[in-house]
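Let's take a walk through the empty spaces in this protein, then stop at a couple of backbone oddities. Have the structure open as you read.

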Amino acid sequence: MLINDMTSFDMKTIGMCVLFSLTSVTTAVEWPFGTYTLLKPKSGCPRDWRESWRLQDTEDSRTANSITPGYHLEGTFGRTMKVYFCTKDPSTGMNEDLWPAGNYCIFQHGLSCPEEFLPGTVHWDDEDSHNKNSYGGVLPTGSYGRNTDINYCCRDDGSYTKAILLPTSQPFYLLKFSSPCQLVKGMYVTEETVHFDDEDSNNKNSASGKHPMGTGKVPDQNFMNCYYSPLEVSLVDIDMQYWPAGSYTLVKPRTGCPPGWYEGWTTQDTEDLYNNNYVSYGHHFAGTFDDSDLTFYYCTKPTGLSDSGESWPRGNYCILKASGPQCPSGFNEGSVYWDDEDAGNANSRGGTLPFGSFNDDTRINYCCRDDGYYSNVIQLPTSHPFYLLRYTSYCQRVNGMHVREEIVHFDDEDYGNTNSVSGFYPLGADLEERHLMYCYYWRL
């Protein structure tokens with residue numbers, strides 16, 4: 001296949017060079033110096049690390065423990081929460097390098113945190129009645145009786161967007177501190193949340209010092225774990241230039257639309273009273289998001305423009321349907337209907353929009369597919385950032401691109417709300433208030 005006047009041999013050579021570059025930088029990296037603890041993924045602990053577990057007896061009455069579907073964390077999560085850990089023995093490994101600057105947390109093991117981390121503690125008020133807490137193995141520093149205290153080490157001396165070097169040979173976990181998940185060179189990252197339904201009666205949950213996001217003096221501790229898995233890079237099509245055949249719409253990022261695509265915008269007037277619209281911190285949408293209105297911009301590909309001639313690849317994701325008779329080949333169609341603000345509605349629109357209805361309320365049609373696994377890397381253009389939407393899994397992986405989930409929460413009309421969905425639609429669209437999970441891609 002010819003790309004930018006290169007032969008397929010040249011492209012493969014470039015792919016091999018890129019792969020060699022990635023592996024030569026990342027696979028030689030060892031775990032930083034010292035002793036510390038990480039959560040154990042289902043794939044296991046690093047070699048020669050010491051393992052342990054903690055079972056917490058959470059609230060017995062109407063227990064509401066939860067964990068992100070499709071999680072990779074080793075443990076059992078039901079009426080009780082059993083979590084497994086991996087602890088690095090200070091005598092293992094030859095690396096004398098320190099942990100890199102960034103924004104993340106790990107678990108403390110020993111008398112102090114590794115250099116440049118700040119310490120903190122989280123206290124769980126576990127079940128008072130017939131408490132069944134138990135533990136085994138080498139645990140992170142803390143207290144493991146009828147209640148639970150665990151010490152953490154956190155840092156925010158670097159931007160989460162600056163990828164850091166850590167081992168890439170197998171999956172691992174870090175924890176969110178004060179930003180989205182820290183990027184790690186050569187690794188995909190997905191967020192997995194663990195919600196503890198702690199003691200209801202006279203709850204004494206607390207935290208001190210520096211501790212992970214979602215924890216503190218709250219009724220239920222809520223951990224936002226960052227799961228890292230090795231990045232796969234194909235030997236071909238490293239720099240794919242052309243979008244799949246047909247016409248369709250994507251949400252516009254701040255960096256703009258692909259050249260020659262049509263642009264449009266919509267403003268949705270959401271609930272005026274006690275509005276709680278929300279968009280992920282550090283998002284990359286081209287739009288405005290405030291306490292009463294949400295403005296999105298769109299990019300629509302004209303049929304035949306910059307076409308690869310190929311269909312969209314198999315996977316698990318959604319796009320927006322453009323005006324036309326049907327979705328691109330391989331997708332299933334559905335729609336999402338928003339009941340926008342009733343009083344003094346100020347909805348507006350302009351330009352080329354996805355297929356739908358844009359009046360006092362909003363309906364948008366989507367094209368979704370789940371004919372491939374999200375972890376199987378697909379080929380799409382890598383020259384500019386873009387958005388897809390989650391369907392029934394995590395964000396679809398794309399060759400040569402980082403991916404980050406960015407959420408938009410719509411506070412829709414409170415009175416007599418008539419939100420609805422039909423057919424096939426993005427994950428979160430069927431919640432009482434729309435909660436769409438976008439996947440933002442940018443080049444490695």
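How much space lies in the largest pocket? About 920 Å³. Keep in mind that what you're looking at is a predicted model.

**The pocket**

The largest pocket has a lining of 34 residues, and Glu191, Thr193, Arg390, Glu405 and Ile407 are the ones nearest its centre. Four strands each give two or more residues to that lining: E12 (187–195), E14 (222–230), E26 (401–409) and E28 (435–443). Sorted by class, the pocket lining comes out as 18 nonpolar, 11 polar and five charged residues.

**The cavities**

Now for the enclosed spaces. If you count those of 30 Å³ or more, the structure has six cavities. Here are the top two by volume, set beside the pocket:

| Space | Volume | Lining by class |
|---|---|---|
| Largest pocket | about 920 Å³ | 18 nonpolar, 11 polar, five charged |
| Largest cavity | about 140 Å³ | 12 nonpolar, two polar, one charged |
| Second largest cavity | about 50 Å³ | eight nonpolar, one polar, no charged |

Start with the largest cavity, at about 140 Å³. It is lined by 15 residues, and Leu39, Val83, Phe107, Trp124 and Phe196 sit closest to its centre. At least two lining residues come from each of E2, E5 (80–87), E10 (148–156) and E14. You've met strand E14 already, as a contributor to the lining of the largest pocket.

Which residues line the second largest cavity? They are Leu183, Met187, Tyr188, Val189, Leu231, Met401, His402, Val403 and Leu444. Strands E12 and E26 each give two or more residues here, and both also do so for the largest pocket. In this second largest cavity, the lining has no charged residues, just eight nonpolar and one polar.

**Two odd backbone angles**

Finally, two loop residues with a positive phi. Arg62 isn't a glycine, yet its phi is positive, at about 50°. You'll find Arg62 in the loop that runs between strand E2 (50–57) and strand E3 (66–67). Is Arg62 buried or exposed? Exposed, because its relative accessible area is 75%, and the cut-off for that word is over 50%.

Glu116 is the other one to click on: this non-glycine residue has a positive phi near 80°. Look for Glu116 in the loop between strand E6 (103–108) and strand E7 (118–124).

Key: Residues are numbered from 1 along each chain as its sequence is written. This is a predicted model: local features need pLDDT of at least 70, side-chain atom pairs count only at pLDDT 80 or more; totals for chains, interfaces and linings use all residues. Side-chain values use heavy atoms; hydrogens and water are left out. On a 1 Å grid over the protein atoms alone, a cavity is a set of points where a 1.4 Å probe fits but cannot get out, and a pocket is an open set with protein on both sides within 12 Å along at least five of seven lines; lining residues have an atom within 4 Å of a point. Grid points are joined across faces, edges and corners, and a volume is the space filled by probe spheres set on the points. Ala, Val, Leu, Ile, Met, Phe, Trp, Tyr, Cys and Pro count as nonpolar, Asp, Glu, Lys and Arg as charged, and the others, Gly among them, as polar. Buried means under 20% relative accessible area, exposed over 50%, partly exposed in between (1.4 Å probe, protein chains only).
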